[in-house]
Amino acid sequence: MKRKKWLMSMAGSVMAFLLVACGTAADSGTEEMIGTTDTAKTEESGEVPASGNEIVEINIWSGMTGADADVMQSMVNEFMEENPDIKVSFTSVTWSEMFTKWQQAFNSDLGPDVMMMHSTDICNYAPNEMLMPLEEISGSLGIDSANYSEAAWAGVQNEGTLYGIPLDFHCMGVFKNAEMFEAAGLDPNMTFETEEDFLNACKALSDPENGKYAVGIGSNYAHTYRYWYSLLHQFNGTFVNDSFTEAEFASEEGKKALDWIAALPLDLKYAPYNEQDIDADFLNGTCAMVIDGPWFIPTAIESGMEFTTAAFPQIGETPAVWANSHVVTLPVESGRSEKDQEAAEKLLVWIIEHSYEWGSQSGQIPANASVRESEEYKSSAVYPYVQAFVDQKDYIKYEPLCAGTAEFGADNELSPVMSAVTNIVSGNTDDTMGELESAAKSVTDILTE
């Protein structure tokens, strides 16, 4: 696939939406977006802090919204308190808007100096020389690859070159209602090492005639795609070939994974039929378990429920679980001054070193092992629940690290794969292989257009 052609196509389609929703670039352009959180970037502010050094102003952009954006803003504020000679403007919009605005402002002083994205985004921009390679400076910045799992470190590389530093990783895990487990005669701390372990627990926890179920399986929800993606790899299937030119999930392994998930609500009645909100059903006691990411930990704690966590169930032969990571990158800007570059690098390192703050408030698992072992992180409210996620770090499975994933990945409601998963889990059709073959053709077309 020609990456530049895909990138232009993606930008055009997203931009067309934004022009309708937000006005023209002249009405709501990059300059306005940058100024939303603090002040627009200037080359030199002329301000002099108590240190006597001239203030340097830089920008950091993120697609984080809501509580996640609040956490990152507080971290930026703390960084500025510790570094009064650096003023940071933090901008947070939706991911799609951020990437579109970045392409408008690319290689200008209106763009970001530091940028958050996901591991699966790097492949869209690194080949077009929009991200700085970090291989040469990572050592001088004190970034040690030994502090990261092989999977997380590989996720920030493109064709063998490092383009980002992992902030966190987030995979699927099981949240268990302790009271419901005990009422069913089950140990709330149990894990699911085999298919039998999981199905036996589901049977004990289910009472569909009285509206009680073992686990939530959303009928039209990105997590259901993520469950299927995890099981596809547990059954030793593959999503795409090594050259990223052909989808390979329309296979016996892909069918087995999707049929297994669909059986929970449709045949076994272990999950509600046509379920709309798995989190609400867990919190209100309809379901004894929900399979979710670590970002759900703060919500579960706030609910007051007594709960425990476990790794994603081991159903197939090979340990595997869907995951992604937030990563910190340095976008290319040819006119960036040496002082701005040094400030941007300093902010990147600070964010990674303080990722215990991000993890303890957002629930996301710090990717850096030293941070995970820090007393600051161990003393956080989320720490008793994170080990189930940490234990999976060596076998996390990212969606394909190639251009096009944004079109067929779990986060895209229009994904052809999501459509196939939804149709089978909802019982709209029982032609699992037919649905997968149709989705695979669409994915192959995306990869090769």
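Ser-426 is buried in this predicted model, with a relative accessible area of 7%. The residue sits in the loop between α20 (416-425) and α21 (432-448), and its side chain reaches the backbone oxygen of Ser-219 at 3.4 Å. Around this loop we can look at a helix pair, a few salt bridges and some contacts between parts of the chain that lie far apart in sequence. The chain has 449 residues, of which 56% count as buried, and its secondary structure comes to 21 helices and 15 strands.

**Ser-426 and its surroundings**

- Setting aside residues up to four places away in sequence, Ser-426 touches Ser-219, Leu-266, Tyr-273 and Asn-274.
- Ser-219 thus appears both among the contacts of Ser-426 and as the owner of the backbone oxygen that the Ser-426 side chain reaches at 3.4 Å.
- Ser-426 counts as buried because its relative accessible area of 7% falls under the 20% cut-off.

**The α20 and α21 pair**

- The helices on either side of the Ser-426 loop, α20 and α21, pack with their axes 8 Å apart and at an angle of about 170°.
- That angle makes α20 roughly antiparallel to α21, because angles over 145 degrees are classed this way.
- On the α20 side, the contact is made by Pro-416, Val-417, Ser-419, Ala-420, Asn-423 and Ile-424.
- On the α21 side, the contributors are Thr-432, Glu-435, Leu-436, Ala-439, Ser-442 and Val-443.

**Ala-262 and Phe-239: contacts across the sequence**

- Ala-262 belongs to helix α11 (residues 252-266) and is buried, with a relative accessible area of 6%.
- Beyond its neighbours within four places in sequence, Ala-262 is in contact with Asp-267, Ile-424 and Val-425; Ile-424 is also one of the α20 residues that meet α21.
- Ala-262 and Asp-430 are 168 residues apart in sequence, yet their C-alpha atoms are 9.6 Å apart in space.
- Phe-239 lies in the loop between α10 and α11 and counts as buried at 2% relative accessibility.
- The C-alpha atoms of Phe-239 and Glu-399 are separated by 8.3 Å, although the two residues are 160 residues apart along the chain.
- Leaving aside neighbours within four places in sequence, the contacts of Phe-239 include Tyr-225, Trp-228, Tyr-229 and Leu-232, along with Glu-246, Ala-247, Glu-248 and Phe-249.
- Phe-239 also has contacts further along the chain, among them Pro-400, Phe-408, Val-417 and Val-443; Val-417 and Val-443 take part in the α20 and α21 contact as well.
- For the chain as a whole, residues 24 or more positions apart account for 75% of the contacts with a separation of 6 or more.

**Salt bridges**

- The count of salt bridges comes to seven.
- One of them joins the side chains of Arg-226 and Asp-411, at 2.5 Å from N to O.
- This pair links distant parts of the chain: Arg-226 is in helix α10 (residues 222-234), while Asp-411 is in the loop between α19 (405-408) and α20, 185 residues apart.
- The partners differ in exposure, since Arg-226 counts as buried at 7% relative accessibility, whereas Asp-411 is exposed at 60%.
- Glu-333 and Arg-336 also meet through their side chains in a salt bridge, at 3.9 Å from N to O, and both residues are buried.
- Salt bridges that share partners join Asp-113, Glu-333 and Arg-336 into one network.
- The side chains of Lys-378 and Glu-373 form another salt bridge, at 3.2 Å from N to O; Lys-378 is partly exposed, with a relative accessible area of 32%.

**Cysteines**

- A search of the whole structure finds zero disulfides.
- Cys-171 counts as buried at 1% relative accessibility, and Cys-287 is buried with a relative accessible area of 0%.

**Positive phi values**

- Asn-107 is not a glycine, yet has a positive phi of about 60°; Asn-107 is found in the loop between α4 (95-105) and β3 (114-118).
- Asn-107 is partly exposed, with a relative accessible area of 34%.
- Asn-236, also a residue other than glycine, has a positive phi near 70°, and its place is in the loop between α10 and α11.
- The relative accessible area of Asn-236 is 43%, so this residue is partly exposed.

Methods: Residues are numbered from 1 along each chain as its sequence is written. This is a predicted model: local features need pLDDT of at least 70, side-chain atom pairs count only at pLDDT 80 or more; totals for chains, interfaces and linings use all residues. Side-chain values use heavy atoms; hydrogens and water are left out. Helices (H or I, at least four residues) and strands (E, at least two) are DSSP runs, numbered from the N terminus. Buried means under 20% relative accessible area, exposed over 50%, partly exposed in between (1.4 Å probe, protein chains only). A polar contact is a pair of N or O atoms within 3.5 Å; within protein, one must be able to donate a hydrogen and the other to accept it, and residues adjacent in sequence count only if both atoms are side-chain atoms. Contact means heavy atoms within 4.5 Å. A salt bridge is a side-chain nitrogen of Lys or Arg within 4 Å of a carboxyl oxygen of Asp or Glu. A disulfide is a pair of cysteine sulfur atoms within 2.5 Å. Axes are lines fitted to C-alpha atoms, for helices over the stretch in contact, and angles run from 0 to 180 degrees between N-to-C directions. Angles under 35 degrees count as roughly parallel, over 145 as roughly antiparallel, 65 to 115 as roughly perpendicular and the rest as oblique.
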